[in-house]
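Okay, thanks for coming, everyone. I'd like to walk you through one model today, so have a look at the screen and then we'll go through it together.

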Amino acid sequence: MASNSEIGHAKNIANLNLLNNNIQALGSIYIPSNSMLKIEYLQQIYTISFNSQEKVNILLAPYSIAVNDREIFFEPLNRQLTKLKKAYKATEGVTPAQIEDLTTIIRKLNGGRKSKKPTTTDPTSIQVSHSTSQMSYDQRTNNMDGLISFLQNTPNYNPNEEEYKVETYQAKKETMLAKTQAVSNTFVPLNNARSERNKNLYTAEDNLVDIGNKAKDYLFSILDVNSVQYKAIAKIKFRKI
C-alpha cells in the first residue's frame, strides 16, 4: 500500500493537470505576463513531475520486495538461535563458560528491535535511516561468523539434526549477505529518484507547488469570485510535503 506521503506527491501532480485543464477551458482570457505561468510551461512542469513520480513508483516495488524478503528471513532467526542453544547445551563436555560465551554471541546476533519505517520522504533523512538499518543487519551478519567459528571450535559439537549443523549456519550467513545486499542495491536508485522528484515538486526554482499556487493567484486576479470557474479552481490545492 502506498504511504500517505507518496499519495500526497501524486495528488499534487494530478492537481496541476486539473488546473491546466481549467486554464485551457478559459481560452484567451488567460494571458499571464510571467512566462512560467503560461499554459505551455505549466504543461511542461506537469510532464516532468509526472515522469519523475513514475520513476519512483517503478523503483519502489523492487526495494519494498527486497526489504520484505530480508525481514522474512531474519525474523525467525531469534527462535532458531534459542533452539540452537539448547542443542549446544546437550553436547557432550560443554562447560558453563562455553554456554555463557554462546549466549553472548546469540545476544549480538539477535540484534535490536525492528526499526520503524521513516515517516519522512526527505531523501537525506531516509538515507540516514537506511544506513542505520543497514549497519544493524551488517553487524548481525558479521556476528554470524563468530557463531560459526565458535561452533566449529567446540569439541564434540556434531549434531545429527540438519538445522543445527555448522553447514546450515554457513548457508544462513550467505543468504543474510545476499538479502542485505539486495536491499542496498535497490535503495540507491530509489533514493536518487525520490530526490529528483522532490526537486521537481518542491525545491527547484520552478517547482510544481510554487508555480501552481502562483498560477492560481493570477487566475483569481482575472476571475469573478462568484464564478463557477473561480470556485472550481479554489478547490485545487498544492501543498509541500
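One term before I start: when I say contact, I mean heavy atoms within 4.5 Å. And keep in mind that this is a predicted model.

With that in hand, let me start at Leu 208. Setting aside its neighbours within four places in sequence, Leu 208 is in contact with Asn 12, Ile 13, Leu 16, Ile 45, Ser 49, Asn 200, Leu 201 and Phe 238. Take Ser 49 from that list: Leu 208 and Ser 49 are 159 residues apart in sequence, yet their C-alpha atoms are 7.5 Å apart in space. Is Leu 208 buried or exposed? Its relative accessibility is 0%, so it counts as buried.

Okay, stepping back to the whole chain. We've got 8 helices and 0 strands, so to speak a run of α-α-α-α-α-α-α-α from the N terminus on. Of the 241 residues, 40% are buried. And if you take contacts between residues at least 6 apart in sequence, 78% of them join residues at least 24 apart.

How confident is the predictor? The mean pLDDT of the protein is 90, and 88% of the residues reach 70 or more. Among the elements, helix 5, residues 123–152, has the lowest mean at 76, while helix 7, residues 208–222, has the highest at 98.

So let's stay with helix 7, which is where Leu 208 lies. Its 15 residues should span 21 Å at 1.5 Å a residue, and the end C-alpha atoms are indeed 21 Å apart, which agrees. The buried residues in helix 7 are Leu 208, Val 209, Ile 211, Gly 212, Ala 215, Lys 216, Tyr 218 and Leu 219. Yes, there's a lysine in that list: Lys 216 is buried. At the N-terminal end, helix 7 is capped by Asn 207, with a side-chain oxygen 3.2 Å from the backbone nitrogen of Val 209.

Next up, helix 4, residues 96–110. Same check on length: 15 residues at 1.5 Å each should give 21 Å, and the end C-alpha atoms are 21 Å apart, so that agrees. Which residues of helix 4 are buried? They are Gln 98, Ile 99, Leu 102, Thr 103, Ile 105, Ile 106 and Leu 109. Looking down the axis of helix 4, those buried residues fall within an arc of 170°, so they line one face of the helix. That spacing rests on a familiar bit of geometry: an α-helix has 3.6 residues a turn, so residues three or four places apart point the same way. Over on the face turned away from the buried side, helix 4 carries the exposed residues Pro 96, Arg 107 and Lys 108.

One residue in helix 4 that I'd like to pick out is Thr 103. Thr 103 has a relative accessible area of 16%, and the cut-off for buried is under 20%, so it counts as buried. Where does its side chain go? The Thr 103 side chain reaches the backbone oxygen of Ile 99 at 2.8 Å.

Now for the charged pairs. Side chains of opposite charge can pair when their charged atoms come close. How many salt bridges does the structure hold? There are 5, and I'll show you some of them.

Arg 79 and Glu 75 meet through their side chains at 3.3 Å, N to O. Glu 75 is partly exposed, at 44% relative accessible area.

Then there's Lys 199 with Glu 196, where the closest N and O atoms are 3.5 Å apart. Both sit in helix 6, residues 166–203, and they're 3 residues apart, about one turn of the helix. Lys 199 is partly exposed at 37%, and Glu 196 is also partly exposed, at 37%.

The other one to look at is Lys 240 with Asp 210, closest N and O atoms 3.3 Å apart. This pair links distant parts of the chain: Lys 240 is in the segment after helix 8 (228–234), and Asp 210 is in helix 7, 30 residues apart. Lys 240 is partly exposed at 47%, and so is Asp 210, at 29%.

Last thing, a backbone detail. Most residues other than glycine have a negative phi. Asn 156 has a positive phi of about 75°, although it is not a glycine. You'll find Asn 156 in the loop between helix 5 and helix 6, and it's exposed, with a relative accessible area of 53%.

That's what I have, so over to you.

Note on methods. Residues numbered from 1 in each chain as written. Predicted model: local features only at pLDDT ≥ 70, side-chain atom pairs only at ≥ 80, totals over all residues. Heavy atoms only, no water. Helix = DSSP H or I, 4+ residues; strand = E, 2+ residues; numbered from the N terminus. Expected span 1.5 Å × (residues − 1). Buried < 20%, exposed > 50% of the residue type's maximum accessible area, 1.4 Å probe, protein only. Arc of directions from axis to C-beta. Polar contact = N/O pair within 3.5 Å; in protein donor to acceptor, adjacent residues only side chain to side chain. pLDDT = per-residue confidence, 0-100. Salt bridge = Lys/Arg side-chain N within 4 Å of Asp/Glu carboxyl O.
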